[in-house]
Amino acid sequence: MDPRAFAYFPTTQPVASKKSNYCVLLDKDVGERSSIEYCKCGKCVIQPTSVENICCKETLENNSKYSKNVCELLGDHRCICDSAIVRDYVYRKQELELWSMFDNWKSRSDKQIVSSLDPHRHIRFAAYQKLTFLFHGVLGMKKRVELPSCLVDFIRKQYPNPDGVYIGFKNAEWTDE
Ligand SMILES: [Zn+2]
Ligand SMILES: [Zn+2]
């Protein structure tokens, strides 16, 4: 087990504070990122916080275990969004709906999973979860590994919020995004 995850257990403290620029995916502080200069795949968009501004190509030159997981699917593609497996996961809307329903049932939550204001929210949420499982397997302890900006944007374009408003990355929570 990653000792950092254990270090925060059993509190509900997020793995990194909101102000931290520590990126779990790259296992390093990425500094302040407010421009798109970091992107090498050509598909990233600027996101609200530095740790969301990660390009899929950065995993190629990084040795963290999570980067290696992403690299396995990135292969020779120009962008992780070009991977047929990744695209397939995103396109299968009915499976994402089912995943979302199951997740809700598992947590015994009776909350409404489909938001009338943002009817795709639960599908984006399921896509983030499912892709994280695809890349990294079970993480546990509410640990959250960032998805590259290009991939988050790909999911949002597929299942947009009609208002175009996205809250952004939140550590240890799967609230939307
Ligand atoms: Zn990129
Ligand atoms: Zn990319």
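Two residues are in contact if their C-beta atoms, placed from the backbone, lie within 7 Å. The model used in these exercises is predicted.

**Exercise 1. The chain as a whole**

Describe the elements of the chain, its burial and its contacts.

*Solution.*
Step 1. Count the elements: the chain has six helices and two strands.
Step 2. Read them from the N terminus: the order is α-β-β-α-α-α-α-α.
Step 3. Turn to burial. The chain has 177 residues, and 33% of them count as buried.
Step 4. Take the contacts with a separation of 6 or more. Residues 24 or more positions apart account for 63% of these.

**Exercise 2. Asp 27**

Locate Asp 27 and decide whether Asp 27 is buried, partly exposed or exposed.

*Solution.*
Step 1. Find the place: Asp 27 sits in the loop between β1 (22-23) and β2.
Step 2. Recall the cut-offs. A buried residue has 20 or more other C-beta atoms within 10 Å, and an exposed one has 12 or fewer.
Step 3. Apply them. Asp 27 has 16 C-beta neighbours inside 10 Å, so Asp 27 counts as partly exposed.
Step 4. Check the backbone. Most residues other than glycine have a negative phi. Phi of Asp 27 is positive, near 55°.

**Exercise 3. Thr 59**

Find the surroundings of Thr 59 and state whether Thr 59 is buried or exposed.

*Solution.*
Step 1. Thr 59 lies in the loop between β2 (28-29) and α2.
Step 2. Thr 59 counts as buried because 24 C-beta neighbours lie inside 10 Å.
Step 3. Leave aside neighbours within four places in sequence. Thr 59 is then in contact with Ser 67, Val 70, Cys 71 and Leu 74.
Step 4. Look at one pair. Thr 59 and Cys 71 are 12 residues apart in sequence, and their C-alpha atoms are 6.3 Å apart in space.

**Exercise 4. The largest nonpolar core**

Name the residues that touch the most other members of the largest nonpolar core, and the helices that supply it.

*Solution.*
Step 1. The core holds 36 residues. Cys 56, Ile 80, Ala 127, Cys 150, Leu 151 and Ile 155 touch the most other members.
Step 2. At least two core residues come from each of α2 (65-74), α3 (84-91), α5 (121-136) and α6 (149-158).
Step 3. The top giver is α5, with seven residues.
Step 4. Follow Cys 56. Beyond four places in sequence, Cys 56 touches Cys 41, Val 70, Leu 74, Cys 79, Ile 80, Pro 148, Cys 150 and Leu 151.

**Exercise 5. Helix α5 and its partner α6**

Test the length of α5, then describe how α5 packs against α6.

*Solution.*
Step 1. At 1.5 Å a residue, the 16 residues of α5 should span 22 Å. The end C-alpha atoms are 23 Å apart, which agrees.
Step 2. List burial. Among the buried residues of α5 are Ile 123, Phe 125, Ala 127 and Leu 131. In α6 they include Cys 150, Leu 151 and Ile 155.
Step 3. Find the cover. For α5 it includes α2, α3, α4 (93-106) and α6. For α6 it includes α3 and α5.
Step 4. Give the geometry. The two helices pack at about 145°, with axes 10 Å apart. The crossing is right-handed.
Step 5. Name the contact. Arg 124, Ala 127, Tyr 128 and Leu 131 of α5 meet Leu 151, Ile 155 and Arg 156 of α6.
Step 6. Sort by class: five residues are nonpolar, none polar and two charged.
Step 7. Look past the end of α5. Gly 137 follows, and its phi is positive, near 75°.

Conventions
Residues are numbered from 1 along each chain as its sequence is written. Chains are lettered from A and ligands numbered from 1 in the order in which they are written. This is a predicted model: local features need pLDDT of at least 70, side-chain atom pairs count only at pLDDT 80 or more; totals for chains, interfaces and linings use all residues. A nonpolar core is a set of buried Ala, Val, Leu, Ile, Met, Phe, Trp, Tyr and Cys residues joined through C-beta atoms within 7 Å. Helices (H or I, at least four residues) and strands (E, at least two) are DSSP runs, numbered from the N terminus. The expected span of a helix is 1.5 Å times one less than its number of residues. Axes are lines fitted to C-alpha atoms, for helices over the stretch in contact, and angles run from 0 to 180 degrees between N-to-C directions. A crossing is left-handed if the near helix is turned anticlockwise from the far one by less than a right angle, and right-handed if clockwise. Ala, Val, Leu, Ile, Met, Phe, Trp, Tyr, Cys and Pro count as nonpolar, Asp, Glu, Lys and Arg as charged, and the others, Gly among them, as polar.
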